[in-house]
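Please find below my notes on the model, set out as numbered points. They deal with aromatic contacts, charges over rings and one sheet.

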Amino acid sequence: MAVLWLDDVRSDDLEAVGGKAASLGEMTAAGLPVPPAFVVTADTYRAFIEDTGIDEELFETVAVEADDSKALAEAAERAQELILETPIPDSLREEILAAYERIGEGSPVAVRSSATAEDLPDASFAGQQETFLNVTGEALLDRVRECWASLFTQRAIYYRQEQGFAHDVVDIAVVVQEMVDAEKSGVMFTSHPSTGAPVVTIEAAWGLGEAVVSGAVTPDNYVLDRSDGSVSEQNVATKKVMHVRDPETGETVERQVPDDKRDERVLTDDELTALRELGEEIESYYGDPQDVEWAIDEGEVYLLQSRPITTIPDDASVGGVADGGVADETGEEREVLLDGLGASPGKAAGEVRIVRKLDQLDKVGEGDVIVAEMTTPDMVPAMKRAAAIVTDEGGMTSHAAIVSRELGVPAVVGTEHASDRLRDGQLVTVDGEKGTVEAGEADEADHDAVEEVRPQAPVKPMTATEVKVNVSIPDAAERAAATGADGVGLLRIEHMILSLGKTPEKFIADNGVEAYVDEIVTGVRGVADEFYPRPVRVRTLDAPTDEFRQLEGGEDEPAEHNPMLGYRGIRRSLDRPDVFEHELEAFRKLFEMGYDNVEVMFPLVNDAEDVRRARELMHDVGIDPDARKWGVMVETPASALMVEEMAAEGIDFASFGTNDLTQYTLAVDRNNEHVADRFDELHPAVLRLISETIATCRDLDVDTSICGQAGSKPEMARHLVNEGITSISANIDAVRDVQHEVKRVEQKLLLDSVR
């Protein structure tokens, strides 16, 4: 038989059904609440590749040296093509669809890969193979085949070789399970995932669990003591989005969480108790701590998956956490002093340095923790020295969040009270993953910023759409390059200039033109060297007047009611050509030095007149616009509507800045917390402007790209690839996820074109 039902599956069927299905079968046998499912067995996969005659070529293709990035990428692509382009035999097709009809004709199902070397006690392959949600009808057959093909992604091939698993002995089964239309869902660790301590940790959010697992939402976090069932720690997050099933299309979509539920606790006490008891039962049944995915629908708890926790050291003590506090190496509990938004992952400890004014930055030494109301570009030199950053205000697009992520410095933003409640010299540990500031120093506080973003497999998915990286400061270049990005889609020049502590005019007056030009050249050159010959797209100065006013020489800057709508970007540059020409001279000098990978990008243009004047200034300083690659930012509805006229002026590319394009299209100040819930880069109006601009540029042979924050979102990446964008530039910590998302969308487009 090609399929087995969970009722007939046990742990000793591992070779037939894979680790995930074997675990689900065991939970079903134990009477635990598992939704009905069947398994397309590993033997079925094996029969498919052998009966169709692709097995020999398949295994010959992946017999490459894993450290040879190019060879590995080519092998993965060809292996997946072999599976995806080979039709499923009619007899197998009919048997799978017949089993699906038993679940319920037209019922949405989850289709999950279950490799025979997956979810083992000594090796976790979790997440390396595909999962598809809300699949209906004959699309099930395509999803099954895509699960088979995911056995041969670059990451999976590399990991198997590193773990010593031969490719031709690892098979893959596919679990087809009735979807739970979850009202709330999440994950549960039946013991502490690092120490093995007897606490149950539960993360919960509204809607389907994909939002929690993928990191699209910050979930509630609950820690329950298994000795008495008490809740020893509870962090109720602001949950802005949730994943739900679209009733019209049947697809999984992201929706805004209703206002009345955003800050509401997801789980009741009774639900926490029910989950804890199930967790204890699962761990007792298996004899090992488990990582469990769960969902709740109409008050009923369902278990969707369970795998061993493989991150607990063999010598871990199970008594490290008594009541949800955090214990240090002496066993003494560390108090959670503050919590906020975990904006940059990692954990670091250091002494607090409260910074209320710029003249206090000198007191920040190597390894200190900066605590401020918010950070600004002229604080970057101190941020480079810091072990961690904590702010009272700010979100994921704040300066502190963006710069901290690029530097790889742990950061917690939006704590509200950090600068008032902490004191200079106080020793704290900042957890940029959980969003907490704890008293004392944690053992595991050290981290390597570059290695954190370096792919586990030193290769990247092969995509026709280029995936680049955003860089705010030159010091982040090494970390950005470690991602394997195709280049830099946005290097912000303002951080190089504002970090000088003086306005451009004041710096030039004090130090001369040559020193100013050299500062820019040095900053850009550091990034261009790291990426050469990959392109580095550098944006000319774009800073609002309120940031200039804080610098020496900024007392004459205009006081604007809303600087985001004021004297910034190309409008400032064109109004002060005597200063702007020195920026352009820096580019000319870089070109003369041989940096042909540098590209020039002008911000906040509105129309062809802005472009024409900028082009003339380039020519005036000795840059040949026809010999160099240059373009514009599309950040206003005006620029989107006028892109055809701008193309006539000779631009090579148009790059979307979605933060500004969204705020100007929706009339929503992105720095105003009173309307923050209305800031939506995926709003239909924003997407329409982007789509129409891409279509126009494709007709005119002008490249298009995105370098705004939204480029890091999977939903936006899917939209852009479908529309035909040339490149996507993402934040450093999101590059690899965007690469995989782009690859997935491109594969789907190829499949759709041949069906």
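1. A residue is called buried here when its relative accessible area is under 20%. F48, at 2% relative accessibility, therefore counts as buried, and W148, with a relative accessible area of 0%, is buried by this cut-off too. Please keep in mind throughout that this is a predicted model, so that every value in these notes is computed from predicted positions.

2. How many aromatic pairs does the model hold? The count comes to eight aromatic pairs. One of them joins F48 and W148, whose ring centres are 4.7 Å apart and whose planes stand at 35°, so the pair is tilted, given that tilted is the term for pairs that are neither under 30 degrees nor over 60. Since F48 belongs to helix α2 (residues 42–51) and W148 to helix α6 (residues 139–149), the pair ties together parts of the chain that are 100 residues apart in sequence. Y45 should be read together with these two residues, as Y45, F48 and W148 form one aromatic cluster.

3. The rings of F580 and F602 give a second case worth inspecting, with centres 6.2 Å apart and planes at 70°, so this pair is edge-to-face. The pair links distant parts of the chain, 22 residues apart, with F580 in helix α21 (residues 577–592) and F602 in strand β27 (residues 598–602). Are F580 and F602 buried or exposed? F580 counts as buried because its relative accessibility is 1%, and F602 counts as buried because its relative accessibility is 1% as well.

4. Two arginines deserve a look for their positions over aromatic rings. R537 lies over the face of F653, at 3.5 Å from the ring centre, while the charged end of R572 sits over the ring of F548, 3.9 Å from the centre of that ring.

5. Turning to the strands, which order do the six strands of the open sheet follow? The order is β9-β8-β7-β6-β12-β13, and the pairing is antiparallel. The edges are formed by β9 (231–235) and β13 (300–308), each of which pairs on one side only. Neighbouring strands of this sheet are turned against each other by 15° on average, with direction ignored.

6. Within this sheet, strand β7 (residues 199–206) and strand β8 (residues 220–225) pair in the antiparallel sense over six bridges. To find the register of this pairing in the viewer, one may start from I202, which stands opposite Y222 in β8.

Key:
Residues numbered from 1 in each chain as written. Predicted model: local features only at pLDDT ≥ 70, side-chain atom pairs only at ≥ 80, totals over all residues. Heavy atoms only, no water. Pairing = 2+ DSSP bridges. Helix = DSSP H or I, 4+ residues; strand = E, 2+ residues; numbered from the N terminus. Axes fitted to C-alpha atoms, helices over the stretch in contact; angles between N-to-C directions. Phe/Tyr/Trp six-rings, centres within 6.5 Å; stacked < 30°, edge-to-face > 60°. Buried < 20%, exposed > 50% of the residue type's maximum accessible area, 1.4 Å probe, protein only. Lys NZ or Arg CZ within 6 Å of the ring centre and 35° of its normal.
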